[in-house]
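Work through these exercises with the structure open beside you. Try each task before reading its solution.

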Amino acid sequence: MAGELSAAIKEVRLGSPEVMRSFSAMAAAATAGGALDAKTKELLAIAIAVAIRCDGCIAFHAKAALHHGATRAEIMETMGLAIYMGAGPSLMYAAQAVEAFDQFAAEAAG
């Protein structure tokens, strides 16, 4: 997947160079080591990619996590968290949707 997207991403870079330079600078700043090392940040990125269902992001961050020394066991534990977070937010949004429906229904009846 990452390889397939490289050509398309190159086209976006050529078409929007300033935006892509800024995006690259943001990516470099966000992934640089600090309080969290680069491997931990890549594990976080792949968990978020799974939770938001971004196929291309998954491919890029899986490769980067491996590059930074992530193990399969670390990936598997990270995937457990991603699964939890993908389901948990859905529950929260479902509760908000029901609450909104109930409020609109009460207004309509009132």
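The exercises below cover confidence, the disulfide, the pockets and the salt bridges.

**Ground rules**

The model is predicted: local features need pLDDT of at least 70, side-chain atom pairs count only at pLDDT 80 or more, and totals for chains, interfaces and linings use all residues. Residues are numbered from 1 along each chain as its sequence is written, and side-chain values use heavy atoms, with hydrogens and water left out.

**Exercise 1. Judge the confidence of the chain, then find where it is lowest and highest.**

Step 1. Take pLDDT, the predictor's confidence in each residue, from 0 to 100. Its mean over the chain is 90. A value of 70 or more is reached by 97% of the residues.

Step 2. Go to the helices (DSSP runs of H or I, at least four residues, numbered from the N terminus). Confidence is lowest in helix 1, with a mean of 84. It is highest in helix 2, at 94.

**Exercise 2. Locate the disulfide and describe its geometry and exposure.**

Step 1. Apply the rule: a pair of cysteine sulfur atoms within 2.5 Å. The count is 1 disulfide.

Step 2. Name the pair. Cys54 and Cys57 are linked, with 2.2 Å between their sulfur atoms.

Step 3. Read the torsion. The S-S bond of Cys54 and Cys57 shows 60 degrees, a right-handed link.

Step 4. Check exposure (buried under 20% relative accessible area, exposed over 50%, partly exposed in between; 1.4 Å probe, protein chains only). Cys54 has 22%, so it is partly exposed. Cys57 has 27%, so it is also partly exposed.

**Exercise 3. Characterise the largest pocket: its volume, and which helix gives the most to its lining.**

Step 1. Fix the terms. On a 1 Å grid over the protein atoms alone, a pocket is an open set of points where a 1.4 Å probe fits, with protein on both sides within 12 Å along at least five of seven lines; lining residues have an atom within 4 Å of a point. Volume is the space filled by probe spheres set on the points, which are joined across faces, edges and corners.

Step 2. The largest pocket comes to about 720 Å³. Its lining holds 23 residues, and Phe23, Ala27, Thr31, Phe60 and His61 lie nearest the centre.

Step 3. At least two lining residues come from each of helix 1 (2-15), helix 2 (17-31), helix 3 (38-52) and helix 4 (55-67). Helix 2 gives the most, 7 residues.

**Exercise 4. Do likewise for the second largest pocket.**

Step 1. Its volume is about 160 Å³.

Step 2. Among its lining residues are Leu43, Ala47, Glu74, Leu81 and Met85.

Step 3. Helix 3 and helix 5 (72-109) each supply at least two lining residues. Helix 5 has the largest share, with 6.

**Exercise 5. Find the salt bridges and place each in the fold.**

Step 1. Side chains of opposite charge can pair when their charged atoms come close. The cut-off is a side-chain nitrogen of Lys or Arg within 4 Å of a carboxyl oxygen of Asp or Glu. That rule gives 2 salt bridges.

Step 2. Glu18 and Arg21 form one, at 2.9 Å from N to O. Both lie in helix 2, 3 residues apart, about one turn of the helix. Arg21 is exposed, at 51% relative accessibility.

Step 3. Lys39 and Glu74 form the other, at 2.7 Å from N to O. Lys39 lies in helix 3 and Glu74 in helix 5, so this pair ties together parts 35 residues apart in sequence. Glu74 is partly exposed, at 25%.
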